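The following exercises concern a single structure and are to be solved with its sequence and coordinates at hand. Each task is followed by a worked solution.

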Amino acid sequence: MTWDLVGREDELDTIMRVVPRATTDGAGVLVLRGETGIGKTALLQAALRRAAPAGGLTILRTAGVGSEVELAFSGLHQLLTPVLDLIGGLPDSQAGALRRAIGLDGAAPTPSAATTDLLVCVAVLNLLHLAAVRQPLLVVVDDAQDLDRATLLVLLFAARRLDGQPVGVLIAVRDPDDRAALRVDLPELRLAGLAPEAAGVLLDRYGPAGDVLARPALVRATGGNPLVLIESALAGVLPELLLTGALPLRAALRERFCRQLSFLPPPAATALLVAAAEDTGRLDVVLGACARLGLPADAWELLERSGLVEITGDQIRFAQTLVRSAAYAAAASDHRRTVHSALADQLIGIEPTRAGWHRALATVGFDDALAADLERNAERAARHGGIAATTAMLRQAARLSDRDQDRRRRTAAAAHAAWKSGHPGLARRLLGTVPDVSSARLRGLIELYAGDQHTAYEQLLRAAAVSAPAEAFELLFMTVDAALHAGLMPEAEAAAQRIATLDGDVAMRRYGEWLVATVTDRLGGAAPEPWRVFDAAPEPVRRSGAHRWLFPLAITGRGQYPQQAREFALTAYADLRGNGTLAIAAIPLPWLVELELRLGRWDEATAHAREGLRLARDIGQAARVGDLLALLALLAAARGDNADCLQLARAAVDAAAPLRNQFAVAQATWALGALDLARGEHERAAYQLTGLHSPGSPQAHPQVARLAFADTVEALVRSGDHSAAAVLTERFAARTADDSSPWANQHLHRARGLLTGDGAHYQRALSAANLADRPFDRARIALLYGQWLRRERRPREAATALRLSTELFTTLGALCWAETARGELRATAAAAAPPVSAPTTPLTAQELRVAALAGAGLSNREIGARLYLSHRTVGYHLHKVFAKLGISARSQLRDLVPAHELR
């Protein structure tokens, strides 16, 4: 049943803002959420009617069908039909991937050019861009909760990346829905029930004449749901409602639809079931299966006249999704199997993969031959449309398997396919039926990227213990990664040591030794260049599509060749995007972002972090979400962006702490401490940063604490806690005694310069050969050196260092630090200027500076930030100033302090 919209004017206006126009540069994305019958489809149809007269708009439509069929990309062909002529404008690899995904032109997959999920995602995104260049584009997706997983993933991938394009995307989804992929960070419009006045108008228009006194009760009982409201009224429940005060809504709806279906003659009811069972809606397939079942020709005529279905071109559409669900659910199981068997016979010469699926649904009990055939079809489906295609088929193959061994193997394979296609929750559920020992490897892999890091460590270590050397080598590398994220440093070192002692070839042991040195921060000057590590890979790594890139990054990502490591990471990301799956492509991005942060390429780091965050959320890699949010928080802290840093750091902790991802929690804490340090909040910075070094602290992580060492010492010294800073420095010095890396020496000299007041330490740090690769570190050391030179009354040398610091901070966009450096530079210029005669004052030079700034209106904290003093020290100085000058108010300082001191 359809009806004119009533009481939805505001919602329709909101939706129309997403619809692009020929005169606009961009549109937007909107997700409509609401329960069944709330009016999502009606609003989409109204939006299409309102948009159509304007012309100059390409409309792409698809809808979920609510069936059990989960074949990859089954909804994509329908969506893209109006723009398929543009496929030729895509790069060959993307065009081929998309053609194979949707079975276009009989394209056949080849093992050397297997299509991957990510390549199809990128192809669809670029195809939409091409279509939008021709004219504005509107993508409409109804019943998204019933779309196949692969199509849904492609659509969400594209929807997040269409900024600035004249493309509008409307996605309607039933709510509540338990599919994680649909809980997306996109703009939403939640539809509530109609207001009583609008509900009354709707009943006046479509409801039966009846007791109007019952209408308020009916509106309350239905929650203003338009479909439920009308169907309940038509079902004659008003008397029951008046008597009981309650309405069995689901029962009323089910009864209403079943009553509609019960009036169909048996041939028409069977034809309806065939249409409900074949999720593509292809008219030729449905009619062919009906003929195989011996249905008379007039069965379809009866069905069309009933209004339950409509035929548009070569497609069959249901008037209501609930009709389809009711038709399938109400049928007897043996009747459904007969229909699936007919569909299998019809498809065998057209689409063997789908034919095998229907054959499986028609089969009761075990059938090993069919299970083997289905397994082969799953491999074919993966090559056609991506890893997501294999999961459903392998699950059916496992169900049909007579032998436990085959059942476990196929279930584990289905779980692995689910993980690789970005569905870790489904993978976990499938693994719940597989014995622990045989699935420990996959369990660990899933947890490493999507779950608890301690569990990942335990499962991967367990799997490595029962594996041959080549497989144990790969598992132990991942074990080290899990241990590092969990903050289990001794365990990480032990796992790396096991790699170095494996009974494998020399290359395995060399990789293990490099990894031990990386974990223990003892690579030093012997740190290898990334391409050398790549070339020295053991044979198992060479054969791997992902590990041959990821393992060298793990070894060299924080080494002394950041420029080469960045180029290597970019190459790795490009290769994995083109040849890997979605579950793999995002993995190198945190390393890449860290490298770009260190190299001062902050805009690129931000772009890569946000892309990684979108990918991680797309595919359910919750552990990597925390990592990337923490890196974005560090970038915001370096820039001095207070609001962004606080928001990102809190989000990182919220994402990471439940998964015991201690690494991300620690990096988010470092970001907060670094922000406080930049803003002159030294005591708060010291509180945040010392937590990184305190065993047992929720924020502690030895590796992050090492990276944040110099910041921690500076915060402690600025806040007056020299003893704690000295202890920390000696510990760092002892730990780095065997570390000849320039980075460690720079940070040690920076800390000792702060502690001892000896500027020679800053000179040594600034003279390091590779400091040009660390512009932020260089700027920080130059600032400290310039401040020291100014205190030593060497203004010309101070100005040189402070000018360098100011320029570097400004170029990087480190606004807080740049302002501090400029203030120091101005003060240095004033000190170097000819003396200005001023009245003799009893104040010391430091008291004079404090008094001048206080007279200019600065608070104690602001003065402390400017002069690198604690606010308590500022208060102490002001107390002495007031006593010496005989004043009682800060406002009096303005007239008493020499004007040149304000510069």
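A residue is termed buried when its relative accessible area is under 20%, exposed when that area is over 50%, and partly exposed in between. The model examined here is a predicted one.

**Exercise 1. Helix H12**

Determine how many residues of H12 are buried, and compare its span with the expected one.

Solution.
1. Helix H12 covers residues 266–277, that is, 12 residues.
2. From its first C-alpha to its last, H12 reaches 16 Å, close to the 16 Å expected at 1.5 Å a residue.
3. The buried residues of H12 are Ala268, Thr270, Ala271, Leu272, Leu273, Val274, Ala275, Ala276 and Ala277.
4. Because nine of its 12 residues are buried, H12 is largely enclosed by the rest of the structure.

**Exercise 2. The hairpin of E6 and E7**

State how strands E6 and E7 run relative to each other, and how many bridges join them.

Solution.
1. Strand E6 comprises residues 309–312 and strand E7 comprises residues 315–318.
2. The two strands run antiparallel and are joined by four bridges.
3. In this pairing, Val309 stands opposite Phe318 in E7.
4. Two residues lie between E6 and E7, which form a hairpin.
5. Gly313, in the turn, has a positive phi of about 65°.

**Exercise 3. Positive phi outside glycine**

Locate Asp143 and Arg660 in their loops, and decide for each whether the residue is buried or partly exposed.

Solution.
1. Asp143 is a residue other than glycine with a positive phi, near 50°.
2. The loop that holds Asp143 lies between strand E3 (137–142) and helix H6 (149–159).
3. With a relative accessible area of 12%, Asp143 falls under the 20% limit and is therefore buried.
4. Arg660 likewise has a positive phi, near 55°, in a residue other than glycine.
5. Arg660 is found in the loop between helix H35 (642–656) and helix H36 (662–678).
6. At 39% relative accessibility, Arg660 counts as partly exposed.

**Exercise 4. Salt bridges**

For the pairs Asp13 with Arg50, Arg684 with Asp676 and Glu714 with Arg750, give the N to O distance and the burial of each partner.

Solution.
1. Side chains of opposite charge can pair when their charged atoms come close.
2. The structure holds 42 salt bridges.
3. In the salt bridge of Asp13 with Arg50, the closest N and O atoms are 3.4 Å apart. Asp13 lies in helix H1 (residues 9–16) and Arg50 in helix H2 (residues 40–51), so the pair ties together parts that are 37 residues apart in sequence.
4. Asp13, at 36% relative accessibility, is partly exposed, and Arg50, at 42%, is also partly exposed.
5. Arg684 and Asp676 meet through their side chains in a salt bridge of 3.2 Å, N to O. Arg684 is partly exposed at 44%, whereas Asp676 is buried at 6%.
6. Asp676 belongs to helix H36. Not counting residues up to four places away in sequence, Asp676 touches Glu681, Arg684, Ala685 and Gln688.
7. Glu714 and Arg750 form a salt bridge of 3.4 Å, N to O. This pair links distant parts of the chain, 36 residues apart, with Glu714 in helix H39 (residues 709–718) and Arg750 in helix H41 (residues 742–756).
8. Glu714 is buried at 1% relative accessibility, and Arg750 is buried at 2%.
9. Glu375, Arg403, Asp406, Arg409 and Arg410 are joined into one network by salt bridges that share partners.

**Exercise 5. Nonpolar cores**

Identify which residues touch the most other members of the largest nonpolar core, and which helix gives the most to this core.

Solution.
1. In soluble globular proteins, nonpolar side chains tend to be buried together.
2. The largest nonpolar core has 130 residues, of which Leu76, Leu80, Leu98, Val120, Val139, Phe473 and Tyr511 touch the most other members.
3. Helix H5 (residues 117–134) gives the most to this core, with 12 residues.
4. Leaving aside neighbours within four places in sequence, Leu98 is in contact with Leu76, Leu80, Ile87, Leu90, Val120, Ala123, Val124 and Leu127.
5. A second, separate core has 82 residues, including Ala609, Leu716, Leu754 and Ala765.

Technical notes. Residues numbered from 1 in each chain as written. Predicted model: local features only at pLDDT ≥ 70, side-chain atom pairs only at ≥ 80, totals over all residues. Heavy atoms only, no water. Pairing = 2+ DSSP bridges. Expected span 1.5 Å × (residues − 1). Buried < 20%, exposed > 50% of the residue type's maximum accessible area, 1.4 Å probe, protein only. Salt bridge = Lys/Arg side-chain N within 4 Å of Asp/Glu carboxyl O. Core = buried A, V, L, I, M, F, W, Y, C linked by side-chain atoms within 4.5 Å. Contact = heavy atoms within 4.5 Å.
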